[in-house]
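Trainee: I am new to this structure. Can we go through it in short questions and answers?

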Amino acid sequence: MITKVMTDVVKNHRIVVTKHGAPDVLQMIEEDLPEPKRGEVRVQVLAAGVSAYDLMFRQSGRLPGTPKSPFTLGEDIVGVVDAVGEGVTALSPGQTVAAATFALGLGGGYTEYLCLPADELVPVPAGVDPAEAVCVVVNYLTAHMAMHRVAGVRRGERVLVHGAAGGVGSALLDLGRLAGLEMFGTASSYNHELVSALRATPIDYRKEDFVKRSHSLTGDGVDVVFDHIGGAGQLWRSYKALGRNGRLVWFGVAATKKSGLRVIPLTLLTVGLLKLLPGSKHLLLTPDLSKEKAWYLETLAELLGLLAAGKLKPVVTARIPLAEAACAHELLERDGYAGKVVLVTQRGGQNHV
Ligand SMILES: NC(=O)c1ccc[n+]([C@@H]2O[C@H](COP(=O)([O-])OP(=O)(O)OC[C@H]3O[C@@H](n4cnc5c(N)ncnc54)[C@H](OP(=O)(O)O)[C@@H]3O)[C@@H](O)[C@H]2O)c1
């Protein structure tokens with residue numbers, strides 16, 4: 001009898017970064033289920049996103065704000081409410097929800113169960129694939145912020161999207177299609193089919209000069225460049241790709257993947273210089289999503305509604321079991337993938353690639 005009671009106890013399995021280093025520092029631990037405090041709910045995770053940031057935080061403790069190991073990565077999740085804490089009335093067990101894990105600091109999503117403030121969760125409409133929904137959380141919110149709130153794009157404008165086949169880049173193209181933009185996207189040749197399918201003209205940034213190509217495609221330069229690649233040379237060239245009154249939106253440093261963290265100070269210096277340049281072109285920065293709670297809740301609900309209506313088509317590269325988080329990181333560290341890599345728990349279903 002005692003044995004039966006013990007095997008019935010549900011445990012949580014969570015991936016921790018045991019120390020900074022290669023993907024094999026990601027290890028699964030078993031622990032008691034977390035209990036929701038007042039105002040929180042416990043969520044049983046179905047899908048957790050893997051991002052370029054996760055790789056940076058795993059590799060090095062030198063990035064500002066990186067927690068001391070052991071810590072858990074994962075900035076976006078979709079799951080089912082499993083228990084509610086005192087004072088929570090808006091959500092009930094069984095409801096599917098999506099969230100960015102802002103409240104936990106840097107991450108927390110690579111887990112089977114976690115507790116989050118109820119007022120940071122957004123209901124997911126019935127019938128939506130959890131892996132597709134998790135793409136919407138950070139990638140589409142970032143893309144929406146850059147495209148609509150920061151750049152304020154207008155129908156028919158010509159935009160250049162860098163890293164166009166990546167997680168955020170493919171989200172920009174998906175939203176750009178709905179916004180009626182004329183789009184160009186930099187990507188490696190192995191991703192050009194995808195970029196074309198997302199209704200953009202692909203530019204091979206490895207072989208072509210994207211400044212010349214943007215000017216030859218448009219005559220006078222693009223209206224907006226979305227640059228989350230960073231690096232001094234890259235940002236100057238993005239600025240040069242703009243036409244009169246053009247806007248350069250900078251919001252990331254994917255270049256760290258090839259050039260390492262040393263690219264960050266040079267990027268920040270270049271951003272500062274470009275902001276000071278006189279003339280008709282503008283450099284714009286995106287605000288921190290975690291400080292935009294009302295916008296986050298409203299926009300995430302809107303995006304999930306578009307997804308449920310079949311109007312968004314997130315690119316899910318791979319669904320990898322949570323226990324194999326290290327393989328997911330290895331996949332991101334190689335070239336040749338596109339879209340978003342998603343970790344799935346046993347309940348979230350597995351379709352290993
Ligand atoms: N501000 C925010 O709130 C926020 C939120 C999320 C992400 N971000 C930023 O966005 C970055 C990208 O995130 P992600 O999840 O989209 O990463 P990702 O899925 O790894 O995509 C990055 C893409 O960059 C492309 N790339 C690499 N070097 C390039 C270059 N020199 N020129 C053009 N493309 C290049 C790669 O394309 P190919 O394989 O085709 O070469 C890859 O598809 C992150 O590193 C982060 O800095 C910012």
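Mentor: Start with a definition: axes are lines fitted to C-alpha atoms, for helices over the stretch in contact, and angles run from 0 to 180 degrees between N-to-C directions. This is a predicted model, where local features need pLDDT of at least 70, side-chain atom pairs count only at pLDDT 80 or more, and totals for chains, interfaces and linings use all residues. Residues are numbered from 1 along each chain as its sequence is written. Helices (H or I, at least four residues) and strands (E, at least two) are DSSP runs, numbered from the N terminus.

Trainee: At what angle do α3 and α4 pack?

Mentor: Their axes are 8 Å apart. α3 passes α4 in a right-handed crossing (the near helix is turned clockwise from the far one by less than a right angle; anticlockwise would be left-handed). The two helices are therefore oblique to each other; angles under 35 degrees count as roughly parallel, over 145 as roughly antiparallel, 65 to 115 as roughly perpendicular and the rest as oblique. The packing angle is about 60°.

Trainee: Are α7 and α9 roughly parallel or oblique to each other?

Mentor: Take helix α7 (residues 232-240) and helix α9 (residues 263-276): their axes come within 8 Å. They cross at roughly 30°, and the crossing is right-handed. α7 and α9 are therefore roughly parallel.

Trainee: What is the handedness of the crossing of α3 and α10?

Mentor: The axes of α3 and helix α10 (residues 293-308) come within 10 Å and cross at roughly 125°. That makes α3 oblique to α10. Their crossing is right-handed.

Trainee: Which element gives the largest share of the shell around the ligand?

Mentor: The ligand is surrounded by 28 residues (each with its C-beta atom, placed from the backbone, within 6 Å of the ligand). At least two shell residues come from each of α2 (52-59), α3 (130-150), α4 (167-178) and β9 (182-187). The largest share is 3 residues, and it comes from α4.

Trainee: How many residues of that shell are charged?

Mentor: Ala, Val, Leu, Ile, Met, Phe, Trp, Tyr, Cys and Pro count as nonpolar, Asp, Glu, Lys and Arg as charged, and the others, Gly among them, as polar. The shell has 13 nonpolar and 14 polar residues. The charged count is 1.

Trainee: Where does the ligand's shell lie with respect to the domains?

Mentor: The domain bounds come from an automatic or database domain assignment. Both domains give residues to the shell, so it lies between domain 1 (2-123 + 315-344) and domain 2 (136-289).

Trainee: Which strands stand at the edges of the open sheet?

Mentor: The sheet has 6 strands in the order β10-β9-β8-β11-β12-β13, with parallel pairing (two strands pair if DSSP finds at least two bridges between them). Each edge strand has a single partner, so one side of each is left without a neighbour in the sheet. The edge strands are β10 (200-204) and β13 (282-285).

Trainee: What is the bridge partner of M183 in β10?

Mentor: β9 and β10 run parallel, joined by 5 bridges. The partner of M183 is A200.

Trainee: Which peptide bond is cis?

Mentor: Most peptide bonds are trans. P70 sits in the loop between α2 and β4 (76-84). With omega near 0°, the cis bond is the one from S69 to P70.
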